[in-house]
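Dear colleague,

Here is the structure I promised to hand over to you. Please open it beside this message, and then read on for what was found in it.

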Amino acid sequence: MNAEDLFDLAPVVPVVVLDDADAAVPLARALVEGGLPAIEVTLRTPVAIEAITRIAAEVPDAVVGAGTVVRPDDAERAAAAGARFLVSPGCTERLQTAMAATGLPFLPGAATASEAVALLEAGVTAMKFFPAEPAGGIPYLKALNGPLPQVRFCPTGGVKPGNAADYLALPNVGCVGGTWLTPADAVRSGDWDAIRGLAAEAAALR
Ligand code: 3PG
């Protein structure tokens with residue numbers, strides 16, 4: 001799988017923030033059953049690596065990745081846990097090198113033309129556009145597509161059911177990401193039916 005292949009897995013990548021590792025497997029199953037196999041578990045909580053390990057081992061139809069990769073050793077830890085892709089909110093040369101060294105597909109974050117050009121210089125054409133709405137949203141992505149048509153983005157940050165289809169209609173958007181698929185109260189109460197339903201609605205966006 002390369003980074004462009006990630007875009008073909010599903011129109012939406014759920015961005016998951018987990019506080020309880022026991023929720024990881026049922027949550028991933030609900031998302032996969034709803035039609036969203038690519039799942040980004042953010043390295044923002046102490047249980048994130050354990051959650052990735054469990055999903056990788058117990059939910060074979062999920063393609064679990066690590067998000068919020070911000071330090072070079074995050075990339076190695078996530079790969080060792082079984083992550084199949086990496087996502088970062090922004091990027092530096094060191095971080096890009098560390099992500100590439102894992103051999104996994106990765107979506108480094110870019111929010112400006114200069115950041116996208118710097119990644120292009122390193123041979124990267126698939127990126128996360130973050131934070132999508134505050135950084136300029138749909139008009140900004142349309143503007144980038146003029147000079148940089150070879151770049152495809154996964155916009156994340158403020159993407160919601162109300163605007164996701166408009167993002168997905170852009171030629172330089174491969175998929176979108178967001179936390180709306182896994183509301184904290186539904187995860188806490190184990191309402192997997194609700195999450196399966198949100199995933200199904202998102203899967204139908206393309
Ligand atoms: C993130 O990485 O935190 C995502 O961009 C989530 O953004 P959202 O909560 O607006 O979906």
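Before we come to the ligand, a word on sorting residues: Ala, Val, Leu, Ile, Met, Phe, Trp, Tyr, Cys and Pro count as nonpolar, Asp, Glu, Lys and Arg count as charged, and the others, Gly among them, count as polar. With that in hand, and keeping in mind that this is a predicted model, you can see that the shell around the ligand divides into one nonpolar, five polar and three charged residues. The residues that surround the ligand are Arg 44, Lys 128, Phe 130, Thr 156, Gly 157, Gly 158, Lys 160, Gly 178 and Thr 179.

Some of these residues place polar atoms beside oxygen atoms of the ligand. Arg 44 has a polar side-chain atom 2.7 Å from a ligand oxygen, and Lys 128 has a polar side-chain atom 3.2 Å from an oxygen of the ligand, whereas Gly 158 takes part through a polar backbone atom, which is 2.7 Å from a ligand oxygen. The ligand taken alone exposes 320 Å², of which the protein buries 82%.

Turning to the backbone, the peptide bond that leads from Phe 130 to Pro 131 is cis, with omega near -10°, and Pro 131 itself lies in the loop between strand E7 (126-129) and helix H7 (132-135). Another loop, between strand E3 (63-67) and helix H4 (72-81), holds Thr 68, whose phi is near 55°, a positive value in a residue other than glycine.

Finally, how do two of the helices meet? The axes of H2 (residues 24-34) and H3 (residues 48-58) come within 9 Å and cross at roughly 55°, which means that H2 is oblique to H3. The crossing of H2 and H3 is right-handed.

With best wishes

Terms used: Residues numbered from 1 in each chain as written. Predicted model: local features only at pLDDT ≥ 70, side-chain atom pairs only at ≥ 80, totals over all residues. Heavy atoms only, no water. Near = heavy atom within 4 Å. Polar contact = N/O pair within 3.5 Å; in protein donor to acceptor, adjacent residues only side chain to side chain. Areas by Shrake-Rupley, 256 points an atom, 1.4 Å probe, with all protein chains shown as cover. Axes fitted to C-alpha atoms, helices over the stretch in contact; angles between N-to-C directions. Helix = DSSP H or I, 4+ residues; strand = E, 2+ residues; numbered from the N terminus. Parallel < 35°, antiparallel > 145°, perpendicular 65-115°, else oblique. Left-handed = near helix turned anticlockwise from the far one by under 90°.
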